[in-house]
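Please find below some notes on this model, set out as numbered points for discussion at the bench.

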Amino acid sequence: MILPEKTRRPAITGGIFADSDFDASGRKIPQYVLEIRTMKRVKAKVALVSYSPKPQQLLAAAAKLCYAADTDGLFGQDVVSSGKFVKMLCRLGHLSPLEHVTFTFHIEGVSRAMTHQLVRHRLASYSQRSQRYVNHAEFEYVMPPQLKGKTVKVRGHKIDAGEYFAETMTMIAERYQKINEALGNTGESSNEDARYVLPNACETKIIMTMNARELLHFLEERLCFRAQWEIREVANKILDLVRPILPGVFSGSGPKCVRLKRCPEGKLTCGKYAEVKARYAEFNKTKRLSADLPALPTIGREQAGFAD
Ligand SMILES: Cc1cc2nc3c(=O)[nH]c(=O)nc-3n(C[C@H](O)[C@H](O)[C@H](O)COP(=O)(O)OP(=O)(O)OC[C@H]3O[C@@H](n4cnc5c(N)ncnc54)[C@H](O)[C@@H]3O)c2cc1C
């Protein structure tokens with residue numbers, strides 16, 4: 001039986017399945033492939049949802065306490081002198097006070113491939129959307145932008161790689177649904193097995209809390225051009241968010257070559273040290289390291305001592 005037009009997915013010209021009952025090689029398309037909707041493609045969003053109050057003063061107080069005989073007024077230092085003191089601490093590599101300040105981010109529109117890399121950073125706390133508790137029949141996905149303009153060959157046909165990728169996501173969603181049904185569609189207990197067919201591209205949401213010291217390390221590792229594009233994109237968004245809040249720590253932050261003043265990657269170097277250095281040079285209030293960022297949180301700008 002052919003399904004009514006409105007229940008059939010939109011045609012994808014030249015795709016592995018045309019919007020007819022037959023595929024490119026003349027084989028009949030299973031009916032269920034015709035039933036599915038177009039899956040939604042998403043991009044990374046990073047929001048800073050919370051951080052330690054007065055972080056710069058807190059760091060300065062924690063460091064000064066180590067040497068202070070008199071602790072009166074320890075927490076009442078002004079932002080400018082705290083900032084200078086914190087900058088000096090970082091230059092000296094006296095980093096343990098940075099562990100008192102934490103940042104919490106809500107990261108969404110990212111792939112499971114990205115979060116698999118993210119959670120390798122052990123000195124952080126994570127809460128991630130579950131593929132057991134949440135049914136993923138309508139999962140969204142991340143598509144590598146590098147596919148733009150590329151083609152794949154399928155049974156003698158040249159197909160746009162992006163369309164091919166999108167169709168693959170749609171097929172997986174359909175299969176996930178069918179497998180979930182075969183398992184009884186019981187929620188958690190069927191989701192947990194049906195999820196085995198979900199792709200690395202599957203969208204996920206994660207809340208991450210990291211202290212400032214680990215964040216510095218994370219940024220050094222993941223802003224490096226050798227890191228994968230998606231986690232690098234997330235790291236750039238994170239740096240844009242934390243720089244104005246804690247400039248004493250993050251104003252000179254970047255991939256590790258920026259601190260080392262050389263690339264430690266040997267033969268694997270990206271060969272772009274000068275470009276990287278310029279990009280991550282001293283913090284400039286108007287410069288954004290990543291595009292389409294949300295406005296900076298007002299409270300952060302005030303705490304950091306910015307007048308506007
Ligand atoms: C470009 C790139 C490519 C990568 N490729 C691979 C790959 O092919 N395969 C792979 O498995 N991983 C890969 N990784 C992940 C990498 O190996 C680390 O697991 C990840 O970057 C987390 O960083 P980290 O180990 O410094 O630990 P974090 O958890 O961020 O810890 C921070 C620091 O704390 C200290 N620390 C934490 N835990 C311990 C501990 N148990 N014992 C002693 N010290 C500790 C270390 O000094 C560590 O550097 C890659 C990472 C990058 C950036």
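1. The largest nonpolar core (buried Ala, Val, Leu, Ile, Met, Phe, Trp, Tyr and Cys residues joined through C-beta atoms within 7 Å) has 51 residues, of which L215, V234, A235, I238, V242 and V249 touch the most other members. Helix α8, residues 229-242, gives the most to this core, with 7 residues; helices here are DSSP runs of H or I with at least four residues, and strands are runs of E with at least two, numbered from the N terminus. A residue counts as buried if 20 or more other C-beta atoms, placed from the backbone, lie within 10 Å of its own.

2. This is a predicted model, in which local features need pLDDT of at least 70 and side-chain atom pairs count only at pLDDT 80 or more, while totals for chains, interfaces and linings use all residues. Residues are numbered from 1 along each chain as its sequence is written.

3. Beyond its neighbours within four places in sequence, V242 is in contact (C-beta atoms, placed from the backbone, within 7 Å) with F103, L215 and F250.

4. Four strands form an open sheet in the order β1-β2-β6-β3, with antiparallel pairing, where pairing requires that DSSP finds at least two bridges between two strands. Because β1 (45-51) and β3 (124-128) stand at the edges with a single partner strand each, one side of each is left without a neighbour in the sheet.

5. The pairing of β3 with strand β6 (residues 203-211) is antiparallel and runs over 5 bridges, and S125 stands opposite T209 in β6.

Methods
Buried ≥ 20, exposed ≤ 12 C-beta atoms within 10 Å, placed from the backbone. Contact = placed C-beta atoms within 7 Å.
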